[in-house]
Amino acid sequence: MSDRSTIFALSSGRPPAAIAVVRVSGPRARFALERLIGRVPKPRQAALVRVRAASGETIDEALALWFPAPRSETGEDIAELQLHGGHAVIAAVLDTLGKLDGCRLARPGEFTRRAFENGKLDLTAVEGLGDLIAAETPGQRRQAFRQLKGLIGDRAEDWRRRLIEALALVEARIDFSDEADVPENLIAPAAQIARDLRDEIAIVLADRHRGERLREGLVVAIAGPPNAGKSTLFNRLARREAAIVSPYAGTTRDIIEVHLDLDGYPVTLLDTAGIRESAEPVEREGVRRAREHAAAADLVLWVIDVSAIDGMSDGAPPRSKEPPHWLIKNKIDLVHGQSTAIGKGPSTIEPSNNEWQFIFSISAARGEGLDAVAWALSRFAADYFAGGEASLVTRARHRHALEETIAALGCALAVTAVDEPREELIAEELRRASTSLGRLTGRVDVEDVLDAIFRDFCIGK
Ligand code: GDP
């Protein structure tokens with residue numbers, strides 16, 4: 001299955017840097033050390049060494065580490081060199097390694113993939129590791145670390161173990177139904193296990209998607225009619241947050257997004273195209289996408305220009321309460337001569353009515369009333385993520401697998417509920433449930449998802 005070539009890569013960040021870490025994993029790792037540094041250090045102890053090219057020329061002085069299999073990250077022999085992080089040093093070392101028989105450059109995520117294939121990490125831990133590297137806020141970091149350490153993986157394994165117990169009971173009935181000393185009532189305890197599992201998993205799933213949102217960011221869409229000041233507000237909110245992590249243009253022509261860190265929680269702010277009726281096809285498409293994004297958001301900030309004659313009526317109030325909408329009355333500097341309703345901090349939040357959860361009066365251009373909006377956004381994020389235990393489910397993939405498990409358990413229980421339950425049908429459903437859990441942790445049949453997961457890793461990880 002796994003190819004037994006020895007892989008190597010630069011595992012640290014972009015050079016030049018103080019230190020560069022080069023890792024080698026596989027059966028030739030020991031040989032690689034002997035060739036590069038002339039010896040093999042004691043396992044798991046740093047040694048100061050000279051690193052030499054094939055010609056014998058010294059490339060660098062470095063720290064070397066040796067992790068013999070199976071007690072290594074990949075489960076294979078691993079050699080690690082901590083070099084000076086210059087381009088030429090790294091190039092010379094990689095070049096020397098590349099010329100060794102049976103050694104080749106690693107592909108993205110290949111170290112982690114070997115760890116998975118050697119049973120060092122289950123699939124959820126692999127995802128946790130990927131998330132930890134990608135984490136941009138403290139909340140994301142904590143969640144990723146918990147997942148790496150088995151928060152969902154261990155739980156799923158426990159569920160699977162109990163499922164297999166239930167299955168064993170049912171199979172005992174099937175295999176030995178003729179024998180007198182096999183108790184009749186093996187189905188009842190099996191059904192009890194199935195019922196408990198179904199209830200436990202249902203509780204885990206009823207988390208309002210908190211884990212997925214924490215991983216991907218809570219989505220706040222700024223929407224409203226054209227020229228209301230949406231982009232101005234967007235830029236203001238984006239700029240005032242010191243911790244903007246990765247501003248980049250969206251994939252569509254009309255939607256720009258920015259990632260904010262609000263009190264440790266990730267919020268993705270979307271600036272959507274002006275929502276209005278238009279005959280122009282390109283604009284219509286922009287508007288359609290804007291509506292779609294606003295509908296899929298966790299919160300919509302609906303911006304209107306209060307100075308426009310029909311400012312209020314142009315507000316096109318939301319048709320449904322989901323997601324919640326906040327009304328942002330912008331350009332208050334243009335009404336009543338000079339701004340009167342501003343400068344009072346949170347008091348610019350008006351009481352909510354049926355349509356709007358909150359109403360704010362601001363001047364985006366002057367930056368007035370924005371404190372209240374930013375404060376309310378932080379509260380919104382904190383409330384969203386607060387409470388309850390840490391979420392186990394952080395991806396749609398997990399949710400899907402657990403929903404399948406519950407569905408199969410439901411079928412198994414339905415079969416046990418009839419007068420003369422057919423044991424082989426119960427067994428079949430329990431097996432199906434266990435397969436779904438196995439897919440979650442990567443124990444069974446996951447070739448199709450592996451590529452998608454490891455593709456997101458960098459080389460050297
Ligand atoms: P969008 O089409 O909704 O994104 O609106 P923009 O942010 O592009 O703003 C449209 C126009 O309104 C621009 O000329 C802005 O400078 C102006 N504008 C935005 N906010 C305010 C405000 O609070 N007061 C005033 N006077 N003008 C504003």
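**Exercise 1. Find the polar contacts of the ligand with Gly229, Lys230 and Ser231.**

Step 1: start at Gly229, where a polar backbone atom sits 3.0 Å from an oxygen atom of the ligand. That is a polar contact, meaning a pair of N or O atoms within 3.5 Å; within protein, one must be able to donate a hydrogen and the other to accept it, and residues adjacent in sequence count only if both atoms are side-chain atoms.

Step 2: go on to Lys230, which uses an N or O atom of its side chain, 2.7 Å from a ligand oxygen. At Ser231 a backbone N or O atom does the job, at 2.8 Å from an oxygen atom of the ligand.

Step 3: check the cover. On its own the ligand has 580 Å² of accessible area, and the protein covers 69% of that (Shrake-Rupley method, 1.4 Å probe; for residues, only the protein chains shown count as cover).

A word on the model: it is predicted, so local features need pLDDT of at least 70 and side-chain atom pairs count only at pLDDT 80 or more, while totals for chains, interfaces and linings use all residues. Residues are numbered from 1 along each chain as its sequence is written, and side-chain values use heavy atoms, with hydrogens and water left out.

**Exercise 2. Describe the shell around the ligand by class and by element.**

Step 1: sort the shell by class, which gives six nonpolar, six polar and three charged residues. Here Ala, Val, Leu, Ile, Met, Phe, Trp, Tyr, Cys and Pro count as nonpolar, Asp, Glu, Lys and Arg as charged, and the others, Gly among them, as polar.

Step 2: look for the top contributor, and you land on helix 9 (residues 230-240), with three residues. Helices (H or I, at least four residues) and strands (E, at least two) are DSSP runs, numbered from the N terminus.

**Exercise 3. Work out how the rings of Tyr265 and Phe385 pair, and then those of Trp326 and Phe358.**

Step 1: get the rule straight. Rings of Phe, Tyr and Trp (its six-membered ring) pair if their centres lie within 6.5 Å; planes under 30 degrees apart count as stacked, over 60 as edge-to-face and the rest as tilted. The count is six aromatic pairs.

Step 2: Tyr265 and Phe385 have ring centres 5.0 Å apart and planes at 20°, so they are stacked. Tyr265 belongs to strand 10 and Phe385 to helix 11, so this pair ties together parts 120 residues apart in sequence. Phe385 is buried at 9% relative accessible area, while Tyr265, at 23%, is partly exposed (buried is under 20%, exposed over 50%, partly exposed in between; 1.4 Å probe, protein chains only).

Step 3: for Trp326 and Phe358 the centres are 5.4 Å apart and the planes at 80°, so call that one edge-to-face. Strand 12 holds Trp326 and strand 14 holds Phe358, so the pair joins parts 32 residues apart in sequence. Trp326 is buried, at 1%, and Phe358 is partly exposed, at 31%.

Step 4: follow the ring pairs onward and you get a cluster of Trp326, Phe358, Phe360 and Phe380.

**Exercise 4. Find where the backbone has cis peptide bonds and positive phi values.**

Step 1: recall that most residues other than glycine have a negative phi, and most peptide bonds are trans.

Step 2: pick out the cis bonds. Pro15 to Pro16 is cis, with omega near 0°, and so is Ala69 to Pro70. Pro16 is in the loop between strands 1 and 2; Pro70 is in the loop between strands 4 and 5.

Step 3: now phi. His209 is at about 60° and Lys331 at about 65°. His209 is partly exposed, at 33%, as is Lys331, at 22%.
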